[in-house]
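Dear colleague,

Please find below the structure that I am handing over to you. My notes on it follow, and I would be grateful if you read them with the structure open.

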Amino acid sequence: MFDVTKSLLQKLELNELNTQNIELFVKRDDLIDEHVSGNKWRKLKFNVEQAKTLKKYGILTFGGAYSNHIVATAAACHQSGLKAIGIVRGDELNEDSNPTLRQCADFGMELHFVSRLDYAARYEKSYHEELNFEFPNYLIVPEGGANYYGMIGCQEILKETPNDYDYVFVAQGTTTTSIGLALALPETTKLLVVPVLKGFDSLGEMKSLLGYTGFESSMIDDVLAKVDVLDEYHFGGYGKYTDELIDFMERVFSETRLPLDPIYTGKVLYAIQDWLLKSDIKNKRILFVHTGGIQGGKMIAKKEGRRFS
Ligand SMILES: Cc1ncc(COP(=O)(O)O)c(C=O)c1O
């Protein structure tokens, strides 16, 4: 439905790394689709297939007022002939509160605005039972597409590459994408994850998502053994960024035309360069998985009057 052959594998030349003989590639999942971009389609693909196989009316999911996942779900359901329901955090909001929510409504998503207290129950079984009663025959997909089907969809990213890198780098929020990548990696490759939240327990979160989705503990240990965490590149926490990060992204954009966003992908590419320089690593093949976020990146670039997206 969405064409993953648009996700090119490109070589990226960063001037700073010239002397270290680093071969850096970027998997351009941001090119898959304007709305269902980056890891969004990867996480939704098998959820959409599952909803169709089970003959559900559609997908019900959760998100904040600016959630990329909720718009992507609205667009993917629209395209695949499924209905969509979005449970949105904040009962003071409505569908005209911001462009993200407007877009969801334009794709035909039915939006329900709930209090922060109700939203806090989004992982609880009893709340899902209530939702199943109110909206029968919908597949419930967790916030951020963080379920088994989401992880399995993210495995496919590496199958479209030679999958022979020394290091693979990716941003981390719910950990779904990084788990999918870790599941698909050979033992000779390290996955370096860059959490975008401050004080995030990356390995703990990965362990609990793997456990929750039914993986056995020996398999969880095998997956986590492939992962190293770079937890010093959150730039203050989720949604935060600094002038130093924006300057870096602008430089990359002018040198390579690679669009980045300051919430996820800018932080990862900054981490790649900084970590390689500080650790004086040479002669390696590296993959940077570009997980999208460009819509948000464009909005921030406009607000800041800068060019990086
Ligand atoms: C652009 C972008 N990159 C990376 C991530 C992090 O992915 P995950 O939540 O699967 O860890 C997200 C959040 O879904 C995102 O929107």
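**Helix α6 and the sheet**

Helix α6 spans residues 148-159, and its buried residues are Y149, G150, M151, I152, G153, C154, I157 and L158. Please bear in mind that the model is a predicted one. The cover over the buried residues of α6 includes two strands, β2 and β10, together with the helices α1 (39-53) and α7 (176-184).

Both of those strands belong to an open sheet of six strands, which runs in the order β1-β2-β10-β7-β8-β9 with mixed pairing. The edges are taken by β1 and β9 (227-229); each has a single partner strand, so one side of each has no neighbour in the sheet. From one strand to the next, the twist averages 25 degrees.

Helix α11 (residues 265-279) packs on this sheet, where it touches β7 (167-172), β8 (190-195) and β10. The direction of α11 makes about 145 degrees with that of β7.

The pairings of β2 may be described in turn. Strand β1 (residues 9-11) pairs with β2 (residues 23-28) in the antiparallel sense, over three bridges. Within this pairing, L9 stands opposite K27, and Q10 stands opposite V26. With β10 (residues 285-290), by contrast, β2 pairs in the parallel sense, over six bridges. There, K27 has V289 as its bridge partner. K27 of β2 thus faces L9 and is also bridged to V289 in β10.

With kind regards

Definitions and conventions:
Residues numbered from 1 in each chain as written. Predicted model: local features only at pLDDT ≥ 70, side-chain atom pairs only at ≥ 80, totals over all residues. Pairing = 2+ DSSP bridges. Helix = DSSP H or I, 4+ residues; strand = E, 2+ residues; numbered from the N terminus. Buried ≥ 20, exposed ≤ 12 C-beta atoms within 10 Å, placed from the backbone. Contact = placed C-beta atoms within 7 Å. Axes fitted to C-alpha atoms, helices over the stretch in contact; angles between N-to-C directions.
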